[in-house]
Amino acid sequence: FCMGFILKYSAITNMVFAIGIIVANVPEGLYATITIALTLTAKRLATQKVLVKNLEAVETLGSTTCICSDKTGTLTQNKMTVQHLWYNGTKIKALNRQKFGPNHHYEYDINDEGFKLLQDTAMTCSEAVFNLSLIHI
């Protein structure tokens, strides 16, 4: 605990460490320690304008090792776009045919059986709905 101050760790980090040491010696304090740690984490998230609806979500987020998201570009362009395709054991850059046109050289072949299987799977699993009122003709 004292070494944390010498090494210039924040007071909150030192407190969480000290509580962890206490819990190691007294297992009955585990529930209180988890509650305090989750509350401190929720407060830190709140200072960064992150809405925390329940502490269980914070606990789950704390044990996360990998976050995968399919919302590429949604925050910046309000569009979901695929960046890479994975089929036939190969990662391939996915360029938009509507954007680049039919004469552009693409890394993927739309006639390949692996691509067709990937395309069929994506269409079957998609819940996307086309809103024709948004199309500007």
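How many residues does helix α7 have, and how far does the helix reach from its first C-alpha to its last? Helix α7, residues 113-125, has 13 residues and reaches 18 Å between those two atoms. That is close to the 18 Å expected at 1.5 Å a residue, where the expected span is 1.5 Å times one less than the number of residues.

This is a predicted model, in which local features need pLDDT of at least 70 and side-chain atom pairs count only at pLDDT 80 or more, while totals for chains, interfaces and linings use all residues. Residues are numbered from 1 along each chain as its sequence is written, and side-chain values use heavy atoms, with hydrogens and water left out.

**Overall make-up**

The chain holds seven helices and two strands. Helices (H or I, at least four residues) and strands (E, at least two) are DSSP runs numbered from the N terminus. Read from that end, the elements run α-α-α-α-α-β-β-α-α. Of the 137 residues in the chain, 14% are buried; buried means under 20% relative accessible area, exposed over 50% and partly exposed in between, with a 1.4 Å probe and protein chains only. Contact means heavy atoms within 4.5 Å. Among contacts between residues at least 6 apart in sequence, 15% join residues at least 24 apart.

Confidence is given as pLDDT, the predictor's confidence in each residue, from 0 to 100. The chain has a mean pLDDT of 75, and 68% of its residues reach 70 or more. Among the elements, helix α5 (residues 74-77) has the lowest mean, 52, and β2 the highest, 89. Where pLDDT is low, the predicted coordinates should not be read in detail.

**The two strands**

Strand β1 covers residues 84-87, and strand β2 covers residues 90-93. The two run antiparallel and are joined by four bridges; strands pair if DSSP finds at least two bridges between them. Leu85 has Ile92 as its bridge partner in β2, and Trp86 stands opposite Lys91.

In a regular strand the side chains alternate between the two faces of the sheet. Along β1, Leu85 and Tyr87 point to one face and are buried, while His84 and Trp86 point to the other and are not.

Two residues lie between the strands of this hairpin. Asn88, in the loop between β1 and β2, has a positive phi near 55° although the residue is not a glycine.

**Exposed loop residues**

Lys8 also has a positive phi, of about 65°, and is not a glycine. His105 is a further loop residue, and its C-alpha is separated by 9.5 Å from that of Leu95, ten residues away along the chain. The table gives the place and accessibility of these residues.

| Residue | Loop between | Relative accessible area |
|---|---|---|
| Lys8 | α1 (2-6) and α2 (11-25) | 72%, exposed |
| Asn88 | β1 and β2 | 54%, exposed |
| His105 | α6 (97-100) and α7 | 70%, exposed |

**The aromatic cluster and the start of α7**

Rings of Phe, Tyr and Trp (its six-membered ring) pair if their centres lie within 6.5 Å; planes under 30 degrees apart count as stacked, over 60 as edge-to-face and the rest as tilted. The count by this rule is three aromatic pairs. One of them is Tyr106 with Tyr108, with centres 5.5 Å apart and 45° between the planes, a tilted pair. Another joins Tyr108 and Phe115: the centres are 5.3 Å apart and the planes lie at 10°, so the pair is stacked.

Tyr106 counts as buried at 7% relative accessibility. Tyr108 is buried too, with a relative accessible area of 9%, and Phe115 counts as buried at 9%. Ring pairs link Tyr87, Tyr106, Tyr108 and Phe115 into a cluster. Tyr87 was met above as a buried residue of strand β1.

At the start of α7, a side-chain oxygen of Asp112 comes to within 2.7 Å of the backbone nitrogen of Gly114.

Key
Polar contact = N/O pair within 3.5 Å; in protein donor to acceptor, adjacent residues only side chain to side chain.
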